[in-house]
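The following exercises are to be worked with the sequence and the model at hand. Each task is followed by a solution in steps.

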Amino acid sequence: MKSIIEERREIPVAGETDVLVVGGGLAGVAAAAAAARNGVSVTLLEKTIALGGLATLGHVCVYLPIDDGLGHRIYGGLAEELMQVCHRYSYDDIPECWKGSPWRVDEPTGRYQCTFNIPACVMALDEFTDAEGVNVMFDTGMCLPIMEGNTCRGVFVENKSGRSAYLAKMVVDATGDADVLFRAGADCETRKSIVSTWTYELDVDRIKNETTSNEVLANIRMRWFGLRPDVDNSKSEIPTFYGTTADGVNDYVHLSRTLALDYLKKHDRPGYAFLTMPAIPQFRMTRRLKGLKELQCVEGRYEEHSVGIVIHCLENPAAVYEFPYEAVIDARIENVAAAGRMVSAGGRGWEIMRCIPNCVFTGQVAGTAAAMAVRGGVPLQRVDVAALQQNLADTGVVIHAPEELKHNSQKERLSYRRASGVASIATDSLSYPKGDAAGH
Ligand SMILES: Cc1cc2nc3c(=O)[nH]c(=O)nc-3n(C[C@H](O)[C@H](O)[C@H](O)COP(=O)(O)OP(=O)(O)OC[C@H]3O[C@@H](n4cnc5c(N)ncnc54)[C@H](O)[C@@H]3O)c2cc1C
């Protein structure tokens with residue numbers, strides 16, 4: 001590729017903070033709140049103009065279950081608290097039996113989960129981060145970490161004011177794509193993502209004809225274009241994408257919208273109206289950290305440095321795994337922690353850790369560890385794990401799997417289906433781009 005030398009110039013320092021969180025998805029929000037609650041100053045940089053990431057601008061307004069399907073609440077701490085925040089100003093669809101946050105429900109009437117209204121969630125997240133004392137900078141994209149050996153001194157950013165720098169003692173990479181860690185030289189792994197576009201449409205005809213009810217929600221349905229993750233897509237012509245290069249992201253975005261346009265062209269239905277389009281690409285998995293340790297999805301396995309138990313939120317009953325602290329840190333880089341869908345979890349573990357409750361959980365782990373490292377004046381690799389475990393446990397996180405949950409997957413397996421009304425559109429008459437040949 002042709003190249004050009006960038007001019008050497010002085011860059012203004014726009015801010016200095018104890019903990020800098022890059023990325024304001026739900027993992028970043030959790031990391032920022034956790035760090036602030038542990039007594040350090042926090043700045044959060046978000047390249048779009050709203051918090052929530054895939055959960056809001058990416059249209060994934062489904063907070064998956066935080067119970068195991070057998071009546072046990074698996075998550076406490078911020079993973080439970082942010083669920084309440086997400087639907088604070090939305091319709092209330094959390095089953096009654098889970099109200100009051102019991103640890104055990106004998107006969108659950110439903111899973112402990114919710115859907116939420118996207119604009120209301122965005123505003124609730126603004127309110128939440130303000131109340132936590134987090135300094136949020138919107139429309140500010142991280143370009144490059146500023147490295148001195150194994151230490152990240154902060155990041156260069158671009159926003160309306162031009163290029164500037166934010167300096168920090170600790171950084172949390174919550175970009176979803178491990179952009180900070182990768183550019184800092186951490187060991188990372190990529191994986192291809194299927195193309196799918198989730199959007200919402202309004203059945204205008206039904207509203208016009210409705211004489212007995214004005215329940216608008218009953219007339220909104222989700223419309224799903226592209227591929228589904230739960231079926232064999234190997235024969236599909238729709239390509240998959242790494243999403244870690246400019247061309248890859250561009251092709252993905254073009255294709256995902258072309259699928260929606262093709263649907264509009266084929267279905268002459270003026271009585272339906274799309275309500276909204278995703279404002280960030282709906283990549284499920286792109287790049288992740290290969291940390292000091294990976295989540296091992298082995299039921300019953302004891303992790304001495306477990307910082308909390310996790311489940312595959314789509315399973316019912318869900319097997320329980322212990323998540324090690326070392327899965328959010330790199331072996332070499334001393335002050336950048338990973339949070340969210342890019343933590344270290346190989347194979348099936350990656351699929352598990354991208355579920356929203358797990359992203360929020362690892363956000364809390366990364367933010368708490370970063371604050372403890374600042375206060376202790378130590379690198380992330382030397383954080384006192386016993387103290388971290390105690391800190392998290394004090395907020396309601398379950399650190400080790402209780403005996404009664406150790407073999408959930410061997411108990412009767414029920415099938416868990418997500419909310420109905422999801423329409424998948426076959427799109428077979430388009431010509432498709434190739435997908436990005438390689439990620440990095
Ligand atoms: C189509 C689809 C369906 C899904 N369905 C479900 C579901 O039903 N339930 C569920 O629990 N999970 C689901 N998931 C997964 C889940 O939505 C995500 O894994 C989760 O929301 C990721 O949260 P995160 O905070 O780790 O990352 P993200 O939500 O990706 O947030 C990353 C944030 O970082 C920002 N950012 C990125 N780069 C920079 C930069 N350089 N500078 C500043 N900011 C930056 C982004 O703008 C974004 O706000 C789905 C995912 C997809 C794509």
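The exercises below treat the chain as a whole, its domains, the ligand shell, one helix and several single residues.

The model is predicted: local features require pLDDT of at least 70 and side-chain atom pairs count only at pLDDT 80 or more, whereas totals for chains, interfaces and linings use all residues. Residues are numbered from 1 along each chain as its sequence is written.

**Exercise 1. The chain**

Task: Determine whether the radius of gyration of the chain agrees or disagrees with that of a compact globule.

Solution.
- Step 1. The radius of gyration is taken over C-alpha atoms, and the globule rule is 2.2 Å times the number of residues to the power 0.38.
- Step 2. For 440 residues the rule gives a value near 22 Å; the chain has 22 Å, so the two agree.
- Step 3. The C-alpha trace spans about 65 × 60 × 40 Å along its principal axes.
- Step 4. A residue is buried if 20 or more other C-beta atoms, placed from the backbone, lie within 10 Å of its own, exposed if 12 or fewer do, and partly exposed in between. Of the 440 residues, 45% count as buried.

**Exercise 2. Domains and ligand**

Task: State where the ligand lies with respect to the domains.

Solution.
- Step 1. The domain bounds come from an automatic or database domain assignment, which gives domain 1 (13–190 + 286–406) and domain 2 (196–283 + 418–425).
- Step 2. Their C-alpha centres lie 28 Å apart.
- Step 3. Contact requires C-beta atoms, placed from the backbone, within 7 Å; by this rule 13 residues of domain 1 are in contact with twelve residues of domain 2.
- Step 4. A residue is near the ligand if its C-beta atom, placed from the backbone, lies within 6 Å of it. Of the 37 residues around the ligand, Gly23, Gly25, Gly53, Gly176 and Gly340 come nearest.
- Step 5. Both domains give residues to this shell, so the ligand lies between them.

**Exercise 3. Helix α8**

Task: Compare the expected span of α8 with the distance between its end C-alpha atoms.

Solution.
- Step 1. Helices (H or I, at least four residues) and strands (E, at least two) are DSSP runs numbered from the N terminus; the chain has nine helices and 17 strands.
- Step 2. The expected span is 1.5 Å times one less than the number of residues. The 21 residues of α8 should therefore span 30 Å, and its end C-alpha atoms are 30 Å apart, which agrees.
- Step 3. Of the 21 residues of α8, 19 are buried.
- Step 4. Gly377, with a positive phi near 65°, follows α8.

**Exercise 4. Single residues**

Task: Classify His59 and Ser101 as buried or partly exposed, and describe the surroundings of Leu144.

Solution.
- Step 1. His59 is found in the loop between β2 (42–45) and β3 (62–63). His59 counts as buried because 20 C-beta neighbours lie inside 10 Å. Its phi is positive, near 75°, although the residue is not glycine.
- Step 2. Ser101 is found in the loop between α2 (77–86) and β4 (114–115). Ser101 is partly exposed, with 13 other C-beta atoms within 10 Å, and its phi is positive, near 55°.
- Step 3. Leu144 lies in strand β6 and is partly exposed, with 14 other C-beta atoms within 10 Å. Leaving aside residues up to four places away in sequence, Leu144 touches Val155, Phe156 and Arg183. The C-alpha atoms of Leu144 and Val155 are separated by 5.6 Å.

Terms used. Two residues are in contact if their C-beta atoms, placed from the backbone, lie within 7 Å.
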